[in-house]
Amino acid sequence: MCRSIKTLRPPALAEEATEDEIRAAALQYVRKVSGFRAPAAHNREVFDRAVDAVAEATASLLADLEVRGGKRAERAA
């Protein structure tokens, strides 16, 4: 479904995605799922909340993933 979304963390490397990259991926996802590139004014708030929620979930996922042979990334406070 979201083949055009950029991979943020190579599977075998401990590189971290930036907040901007995470937000951009979240925006792509919400656009894809909602079917809207930009929401109408009456949907802007719910669209922005969805992007925030997806970005937060993505950051949590990347912080908690463990790669075999590597160590878990430290979670930013």
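**Close-up views of a two-helix chain**

The chain exposes about 6,100 Å², and carbon and sulfur atoms supply 53% of that area. Please keep in mind, as you browse the views below, that this is a predicted model.

**View 1. The whole chain holds two helices and zero strands**. Of its 77 residues, 18% are buried. Looking at contacts between residues at least 6 apart in sequence, we find that 51% join residues at least 24 apart.

**View 2. Helix 1 runs through residues 19-34**. This helix has 16 residues, and the distance from its first C-alpha to its last is 22 Å, close to the 22 Å expected at 1.5 Å a residue. Just after helix 1 comes glycine 35, a residue with a positive phi, near 85°.

**View 3. Here we meet the buried residues of helix 1, which are Ile22, Ala25, Ala26 and Val30**. They lie on the same side of helix 1, because the arc they cover around the axis is only 135°. And what covers them? Helix 2 (44-64) is included in the cover over the buried residues of helix 1.

**View 4. The largest nonpolar core brings together eight residues**. Its members are Ala17, Ile22, Ala26, Val30, Phe47, Val51, Ala55 and Leu62. Helix 1 and helix 2 each supply at least two residues of this core, and helix 2 gives the most, with four residues. As background, nonpolar side chains in soluble globular proteins tend to be buried together.

**View 5. Valine 30, a buried residue of helix 1, takes centre stage**. Setting aside residues up to four places away in sequence, valine 30 touches Gly35, Phe47, Ala50, Val51 and Val54. Gly35 is the residue with positive phi that follows helix 1. Phe47 and Val51, for their part, belong to the largest nonpolar core, as does Val30.

**View 6. Leucine 27 also lies in helix 1**. Is this residue buried, exposed or partly exposed? Leucine 27 counts as partly exposed because its relative accessibility is 26%, and buried means under 20%. Once its neighbours within four places in sequence are left aside, leucine 27 is in contact with Phe47 and Val51. The C-alpha atoms of leucine 27 and phenylalanine 47 are 9.0 Å apart, although 20 residues separate the two along the chain. Friendly reminder from View 5: Phe47 and Val51 are also among the residues that valine 30 touches.

Technical notes. Residues numbered from 1 in each chain as written. Predicted model: local features only at pLDDT ≥ 70, side-chain atom pairs only at ≥ 80, totals over all residues. Heavy atoms only, no water. Buried < 20%, exposed > 50% of the residue type's maximum accessible area, 1.4 Å probe, protein only. Contact = heavy atoms within 4.5 Å. Areas by Shrake-Rupley, 256 points an atom, 1.4 Å probe, with all protein chains shown as cover. Expected span 1.5 Å × (residues − 1). Arc of directions from axis to C-beta. Core = buried A, V, L, I, M, F, W, Y, C linked by side-chain atoms within 4.5 Å.
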